[in-house]
Amino acid sequence: MKKGIRVLAAAIALSGFSALACAEEVKIGFLVKQAEEPWFQTEWAFAEKAGKDQGFTVIKIAVPDGEKTLSAIDTLAANGAKGFVICPPDVSLGPAIMAKAKLNNLKVLAVDDRFVDAKGKPMEDVPYVGLDAYKIGQKQGEAMAAQAKQRNWDWKDTYAVINTFDELETGKKRTDGSVEGLKAAGLPADHILFSAQKTLDVPGSMDSTNSALVKLPRGAKNLIIGGMNDSTVLGGVRATESAGFKAANVIGVGINGTDAIEELKKSDTGFYGSMLLSPDASGYKTATAMFEWVTKGTEPAKFTALDNVTLITRANFKAELSKIGLWK
Ligand code: GLA
């Protein structure tokens with residue numbers, strides 16, 4: 001009997017110990033759609049920094065497609081994660097991601113791209129951290145127009161090519177805002193050409209810009225290149241170069257900042273600058289929010305809009321990036 005009690009006590013102590021060990025190592029997942037994009041690498045780096053500062057482990061998984069996303073959720077559960085932050089490869093995976101997460105008892109926080117339901121409506125009940133996209137787009141449009149004025153461009157021979165990716169709510173809002181900014185500055189509406197990207201990357205926007213360039217009237221001397229992020233504008237600018245436009249006649253302003261660093265190191269290209277966002281907030285704060293949700297039960301807000309933005313150009317990018325630790 002005594003022995004039995006001892007065994008029982010040992011078992012309780014052991015299970016207590018293992019519960020403690022679990023409590024000690026909190027794991028969260030951080031899943032991103034395009035791990036090759038510096039934006040997402042930067043989010044990961046800031047998420048890991050949060051983990052280091054607060055004592056949790058971040059399991060980073062690249063999820064370029066639906067199959068990888070769903071299997072990543074199983075992997076997270078098998079590894080003892082309690083929740084994950086995700087930018088999905090396709091927002092319509094939202095319901096499948098939520099179902100899989102529920103099955104595995106994992107909490108979900110969407111970042112960058114908001115899930116949509118089967119009807120294409122934003123899944124507003126899933127906590128989401130994203131941009132104040134229209135406003136940021138507007139600032140991008142204003143920045144491009146201000147630079148055109150600086151160069152004394154005449155709106156008469158100035159055209160804009162806007163690469164669109166309307167599948168993403170955050171993309172559509174950004175380009176809508178950007179066009180609003182350009183129009184408000186005086187660019188005539190019929191000087192704005194829209195071109196849909198098939199893929200959201202540099203090759204995808206090279207293609208879409210190329211197909212717009214052939215539609216330009218003869219008198220088009222100066223070009224503004226817009227789109228929802230840096231890769232989009234970079235691809236567009238590359239297309240203008242192949243078509244023979246000089247850097248002095250092209251103004252491209254991206255969004256993200258992180259993916260423009262290498263470009264801004266080059267002197268003089270049509271890529272004038274980028275609207276630097278807060279990848280530090282998107283990575284650090286989302287990871288922290290998930291950690292607090294799984295450890296303290298505090299659910300993040302349904303929508304957190306990030307609106308912090310700074311125009312970086314060749315003149316100030318080193319100083320601005322240094323401020324958030326992205327220039328070493
Ligand atoms: C989307 C884009 C990224 C980045 C984020 C910012 O996910 O694909 O490049 O702009 O939004 O939220």
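## Two strands to start with

Let's begin with a pair: strand β9, covering residues 250-256, lines up with strand β10, covering residues 271-276, and the two run parallel, joined by 5 bridges. For one concrete spot, find Gly252 and look across to β10, where Phe271 is its bridge partner. Keep in mind while you look around that this is a predicted model.

## The mixed sheet

Now zoom out from that pair. β9 and β10 belong to an open sheet of 6 strands, and if you walk across it you meet β7, β6, β8, β9, β10 and then β12. The pairing here is mixed. At the edges you'll find β7 (192-196) and β12 (310-313); each has just a single partner strand, so one side of each has no neighbour in the sheet. Ignoring direction, neighbouring strands in this sheet are turned by 20° against each other on average.

## The parallel sheet

There is another open sheet to trace, built from 6 strands in the order β2-β1-β3-β4-β5-β11, and its pairing is parallel. Its edge strands are β2 (56-62) and β11 (303-306), each of which pairs on one side only. From one strand to the next, the twist averages 20°.

Here's some general background for looking at either sheet: along a regular strand, side chains alternate between the sheet's two faces.

## Stepping from β3 to β11

Let's cross part of the parallel sheet one strand at a time. Strand β3 (residues 83-87) runs parallel to strand β4 (residues 107-111), and 4 bridges join them. If you pick out Gly83, its bridge partner in β4 is Lys107.

Next comes the step from β4 to strand β5 (residues 128-131), a parallel pairing over 2 bridges. Val111 has Val129 as its bridge partner in β5. After that, β5 pairs with β11, again in the parallel sense, over 4 bridges. There, Leu131 stands opposite Leu306 of β11.

## Where the ligand sits

So where does the ligand sit? You'll find it in the largest cavity. A group of 13 residues surrounds the ligand, and the closest are Glu37, Asp112, Asp113, Arg174 and Asn256.

Which side chains have polar atoms close to the ligand's oxygen atoms? Try Asn256: an N or O atom in its side chain is 2.6 Å from an oxygen atom of the ligand. Asp113 has a polar side-chain atom 2.7 Å from a ligand oxygen atom. For Asn229, the distance between a side-chain N or O atom and an oxygen atom of the ligand is 3.0 Å. How much of the ligand does the protein bury? Taken alone, the ligand exposes 310 Å², and the protein buries 100% of that.

Conventions:
Residues are numbered from 1 along each chain as its sequence is written. This is a predicted model: local features need pLDDT of at least 70, side-chain atom pairs count only at pLDDT 80 or more; totals for chains, interfaces and linings use all residues. Side-chain values use heavy atoms; hydrogens and water are left out. Two strands pair if DSSP finds at least two bridges between them. Axes are lines fitted to C-alpha atoms, for helices over the stretch in contact, and angles run from 0 to 180 degrees between N-to-C directions. A residue is near a molecule or strand if one of its heavy atoms lies within 4 Å of it. A polar contact is a pair of N or O atoms within 3.5 Å; within protein, one must be able to donate a hydrogen and the other to accept it, and residues adjacent in sequence count only if both atoms are side-chain atoms. Accessible areas come from the Shrake-Rupley method with a 1.4 Å probe; for residues, only the protein chains shown count as cover. On a 1 Å grid over the protein atoms alone, a cavity is a set of points where a 1.4 Å probe fits but cannot get out, and a pocket is an open set with protein on both sides within 12 Å along at least five of seven lines; lining residues have an atom within 4 Å of a point. A molecule sits in a cavity or pocket if more than half of its atoms lie within 2 Å of its grid points.
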